Amino acid sequence: MRKPRRALAAAAIALVLPLSACGSGDEGSGSTDASGKVEGDITFQTWNLQANFKSYFEGVIADFEKKYPDTHVKWIDQPAEGYADKISADAAGGTLPDVVNVSPDLVAPLAKAGLALDLDKAASKYKKEYLEGAWASHQIPGMTGTYAFPWYLNTGPLFYNKSLFEEAGLDASKPPTTYDELFSDALELAEKSDGKVATLANVPTVEDFGRYGVELMNKEGTAFSFNDAKGVELLTKYKELYDAKALDSQALTATPESSGKKFLTGAVAMNPGSALDLENFKKQAPNLYKNIGITDQITSTGKVNMYVMGVMVNSQTKHTPAAVAFAHFVTDAQNQMSFAKQVAIFPSTAGSLDDPYFTKEDGTDVTRVRVAAAKSLKNAVNYTPVLFSEQMKTELRNEVAKALQGKQSPKEALDNAVKACGKLLEQQG
């Protein structure tokens with residue numbers, strides 16, 4: 001089961017779900033001291049957010065400049081495609097902005113290169129304002145420190161098609177809540193439909209192994225370990241699903257968008273999503289919407305997966321007090337709450353999820369999903385290791401595909417994936 005990795009980036013797909021030597025590009029030796037006067041010109045870079053949220057960010061910047069009259073914030077928005085490459089190029093060229101929208105995997109190489117400010121040193125007084133798991137999400141294994149303020153979070157339920165369950169003779173009021181139940185129901189759905197209805201549309205990703213309870217990496221952050229017995233067990237189960245056509249035949253090349261379309265058309269019985277998806281179902285697939293079932297993410301750990309975005313401060317900025325103040329301002333409780341009411345995301349600030357907006361039911365499915373997701377986020381974790389790069393995800397996906405096709409055993413596939421990812425990890429330095 002897979003949701004898009006980027007919780008919003010941008011909200012247009014919303015769960016269907018990044019540094020200058022200084023702001024001006026001049027070379028400078030940054031300072032970790034954020035206690036001085038908040039002043040100077042800084043640059044702020046976001047990730048594909050301008051099209052939908054221009055007025056929101058312009059308002060946040062105006063409020064900050066009003067609070068600190070000696071500052072000026074220049075806002076830059078980069079497209080979703082090629083964002084990681086753009087950040088790498090800026091980091092290498094010394095043109096990284098002062099404040100940068102990042103995800104945990106993007107901050108890791110910057111922190112290792114000494115380009116991300118350690119907030120445990122520069123901004124520790126703010127730590128208590130954020131959820132513990134969110135603050136920890138931008139920590140790097142093998143390094144001490146926290147390298148970005150946590151920003152918006154996302155998670156979501158599993159949606160299922162009640163009519164498909166009923167046609168297979170399953171109780172639509174009792175969707176699977178454990179992996180054993182999920183695999184059993186999936187095999188039954190495939191058998192009763194003569195292989196025409198798959199239950200899942202995506203191969204397992206690293207976050208799925210994490211949710212299953214697999215130890216993904218050693219604590220030192222020096223080696224991956226998802227080829228253990230539990231990891232092999234999960235992939236073996238997926239192989240059984242694939243052979244029985246309970247896993248969609250196009251899962252090997254599926255994207256979150258294509259999987260979503262399969263669910264919309266009734267070719268797949270279950271799909272992960274967010275509160276935002278309910279409106280899409282209502283407009284695009286009214287028959288599905290009438291038969292939509294909503295259940296919790298399945299996990300063996302008791303903790304759901306959390307998608308998290310962050311705001312990093314360039315350690316080389318010439319205006320550390322202003323950059324830290326602005327990064328904190330963007331991610332403070334008031335601004336995060338305001339953002340969360342514009343789009344189906346969740347604030348990472350402590351206490352915000354207790355707001356009636358996230359706790360009070362009003363009888364609608366949208367609110368039901370929002371309330372359930374908010375509750376689960378309080379102890380959610382980001383299962384995807386911070387050091388697990390896009391290349392590593394490709395390696396894992398390729399090896400998983402070979403196992404599902406019977407070209408190698410699940411054990412061989414995961415051994416090969418761990419070996420390939422280990423080599424890439426060594427190259428990260």
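**Rings, charges and burial in a predicted model**

Q: What makes the charged end of R370 count as sitting over the ring of Y357?
A: The charged end of R370 is 3.9 Å from the centre of the Y357 ring. The distance limit for a charge over a ring is 6 Å, and the charge must also be within 35 degrees of the ring normal. The value of 3.9 Å is inside that distance limit, so the distance part of the test is met. The structure here is a predicted model.

Q: Where does K230 lie relative to Y212, and how far from the ring centre?
A: K230 lies over the face of Y212. Its distance from the ring centre is 4.9 Å. That also falls within the 6 Å limit, so the distance part of the test is met here too.

Q: How many aromatic pairs does the structure hold?
A: There are 31 aromatic pairs. Such a pair is described by the distance of the centres and the angle of the planes.

Q: Why is the pair of W151 and F339 called stacked or edge-to-face?
A: The ring centres of W151 and F339 are 5.9 Å apart, and the planes meet at 25°. Centres must lie within 6.5 Å to pair, and planes under 30 degrees apart count as stacked. Both values pass, so W151 and F339 form a stacked pair.

Q: What parts does the pair of W151 and F339 tie together?
A: W151 belongs to strand 4, residues 149–154, and F339 to helix 14, residues 333–340. The pair therefore ties together parts 188 residues apart in sequence.

Q: How do you know whether W151 is buried or exposed?
A: Buried means under 20% relative accessible area. W151 has 0%, so it counts as buried. Its partner F339 has 1% and therefore counts as buried as well.

Q: What makes the pair of F226 and F388 stacked or edge-to-face?
A: Here the ring centres are 6.2 Å apart and the planes stand at 85°. Planes over 60 degrees apart count as edge-to-face. The angle of 85° is over that mark, so F226 and F388 are edge-to-face.

Q: Why does the pair of F226 and F388 tie together separate parts of the sequence?
A: F226 is in the loop between helix 8 (206–212) and helix 9 (229–243). F388 is in the loop between helix 16 (365–377) and helix 17 (390–404). The parts are 162 residues apart in sequence, so the pair bridges that separation. Both F226 and F388 are buried.

Q: Which residues do ring pairs link into a cluster?
A: The cluster consists of F44, F53, Y56, F57, F64, Y68, W75, W151, Y152, F326, F329 and F339. F326 and F329 are also among the buried residues of helix 13.

Q: Why is helix 13 called enclosed?
A: Helix 13 covers residues 320–330. All of it is buried, 11 of the 11 residues, so the helix is largely enclosed by the rest of the structure.

Q: What is notable about the phi of N48?
A: The phi of N48 is near 60°, a positive value in a residue other than glycine. N48 is in the loop between strand 1 (40–47) and helix 1 (50–67). Its relative accessible area is 28%, which lies between the 20% and 50% cut-offs, so N48 is partly exposed.

Q: How do you know whether K245 is buried or exposed?
A: K245 has a relative accessible area of 52%. Exposed means over 50%, so K245 is exposed. It is in the loop between helix 9 and helix 10 (256–264). Its phi is positive, about 65°, although K245 is not a glycine.

Q: Why is S137 called buried?
A: S137 has 5% relative accessibility, under the 20% cut-off, so it counts as buried. It is in the loop between helix 5 (132–136) and strand 4. S137 and P150 are 13 residues apart in sequence, and their C-alpha atoms are 7.4 Å apart.

Q: What makes D354 partly exposed?
A: D354 has 46% relative accessibility, between the 20% and 50% cut-offs, so it counts as partly exposed. Its place is the loop between helix 14 and helix 15 (356–359).

Q: How do you know whether the radius of gyration agrees with a compact globule?
A: For 429 residues, a compact globule would have a radius of gyration near 22 Å. The chain has 22 Å, so the two agree. Of the 429 residues, 57% count as buried.

Conventions: Residues numbered from 1 in each chain as written. Predicted model: local features only at pLDDT ≥ 70, side-chain atom pairs only at ≥ 80, totals over all residues. Heavy atoms only, no water. Rg over C-alpha atoms; globule rule 2.2 N^0.38 Å. Buried < 20%, exposed > 50% of the residue type's maximum accessible area, 1.4 Å probe, protein only. Phe/Tyr/Trp six-rings, centres within 6.5 Å; stacked < 30°, edge-to-face > 60°. Helix = DSSP H or I, 4+ residues; strand = E, 2+ residues; numbered from the N terminus.
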